[in-house]
Amino acid sequence: MRLIFSLCAALAVLTTTAAFAEDSLPPTGRAPIEARLVEFQAFDGSTERYFEWTPEKFDPAKSTTLIIALHGHGSDAGQIFSGVYAEYNATLDLAAERNAIVVSPDYRATTSWMGPAAEKDVLQIIAKAKAERRIDRVFFVGGSMGGSSALTFAALHPELVDGVVAMNPTANHIEYENFQDAIAASFGGSKKDVPLEYKNRSAEYFPERFLKIPTAITLGGIDVIVPPESARRLAKAIAALGGNVLCIERPELGHTTQYPDARAALEFVFDGAR
């Protein structure tokens, strides 16, 4: 099995390869992990929720990284802890190794796509976590809709984000064509109705906002659910501006990220963040 890394440097793309033995890979599924359910009153009076998980030997007296893990389309906050998805299994493994907290919000809906209400919920969750914990860094991690939403939030609030891992995301909501009914419901209208909302939530238009944020993007070359082109362009634009970006693309894969790719992306951000 071959793992293809495409590392987007400032002016070039460096491609190397590494092999992984099949029996060295974690299983595709594992037992669910128990996390603490937290409910809170949101800005509009609604009751929202998130799950919080801390490593077994977590020390609250020490500074720690907060990982905001965002679920995919059609799922909810529990997806991260289900044990089913390699993307999130890798996230939890790295969190355990690096003594990080993982918070997984519903961010309003199973079909959120980080609209204005979801954005405000996440802002509130970050503020709450910083008030309760000794948080020194905030990372965003997600796959599919979650990866797209991680890029969106970072583009909107780069001052609050210290690292992004976006797996199989779109970086351009103006050109993206799937799930348009759900996205319109989240964004407050269609592309025709609120075009500026779609542009402002498209990370590709704001690569300069990622220059101080280590960013790792994983892509499937034949992904038709969330095509890779816009995220690939974003990675190249960040690199061209001198940003710290890793782009891992597997040409033979569709809408998925395998465990070694997810780990590599997470390690890149953990090691590169301030």
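Where does Met114 lie? Let's start there this morning, and please keep in mind that we're looking at a predicted model.

Met114 sits in the loop between S6 and H2. Its phi is near 55°, which is a positive value in a residue other than glycine. Trp113 is in that loop between S6 and helix H2, residues 116-132, as well. Trp113 is not a glycine either, and its phi is positive too, at about 60°.

Now, are these loop residues buried or exposed? Trp113 has a relative accessible area of 0%, so it counts as buried. Met114 is buried too, with 0% relative accessibility. For anyone checking backbone angles, then, here are two positive phi values, at Trp113 and at Met114.

Let's move over to the strands. Strand S4 covers residues 47-53, and it is mostly covered, with five of its seven residues buried. On one side of the story we have S3, residues 36-41, which pairs with S4 in the antiparallel sense over six bridges. Within that pairing, Glu39 stands opposite Arg49 of S4. The hairpin of S3 and S4 has five residues between the strands, and Gly45 takes a positive phi there, near 90°.

S4 has another antiparallel pairing, with strand S6, residues 101-105, and this one runs over four bridges. Here Glu52 faces Val103 of S6. As a general reminder, side chains in a regular strand alternate between the two faces of the sheet.

On to the nonpolar part. In soluble globular proteins, nonpolar side chains tend to be buried together. Which residues touch the most other members of the largest nonpolar core? That core has 50 residues, and the answer is Leu66, Ile68, Val122, Phe140, Leu151 and Val164. Helix H3, residues 145-156, supplies the largest share of this core, with six residues.

Let me zoom in on Phe140. If we set aside neighbours within four places in sequence, Phe140 is in contact with Ile68, Leu70, Val122, Ile126, Ala150, Phe153, Val161, Gly163, Val164 and Val165. Apart from the core we've been discussing, there is another one, of 31 residues, which includes Ala90, Val102, Val141 and Met167.

If you'd like something to look up on your own screens, try the Glu39 and Arg49 pair, then the contacts around Phe140. Thanks, everyone, and I'm happy to take questions!

Note on methods
Residues numbered from 1 in each chain as written. Predicted model: local features only at pLDDT ≥ 70, side-chain atom pairs only at ≥ 80, totals over all residues. Heavy atoms only, no water. Buried < 20%, exposed > 50% of the residue type's maximum accessible area, 1.4 Å probe, protein only. Helix = DSSP H or I, 4+ residues; strand = E, 2+ residues; numbered from the N terminus. Pairing = 2+ DSSP bridges. Core = buried A, V, L, I, M, F, W, Y, C linked by side-chain atoms within 4.5 Å. Contact = heavy atoms within 4.5 Å.
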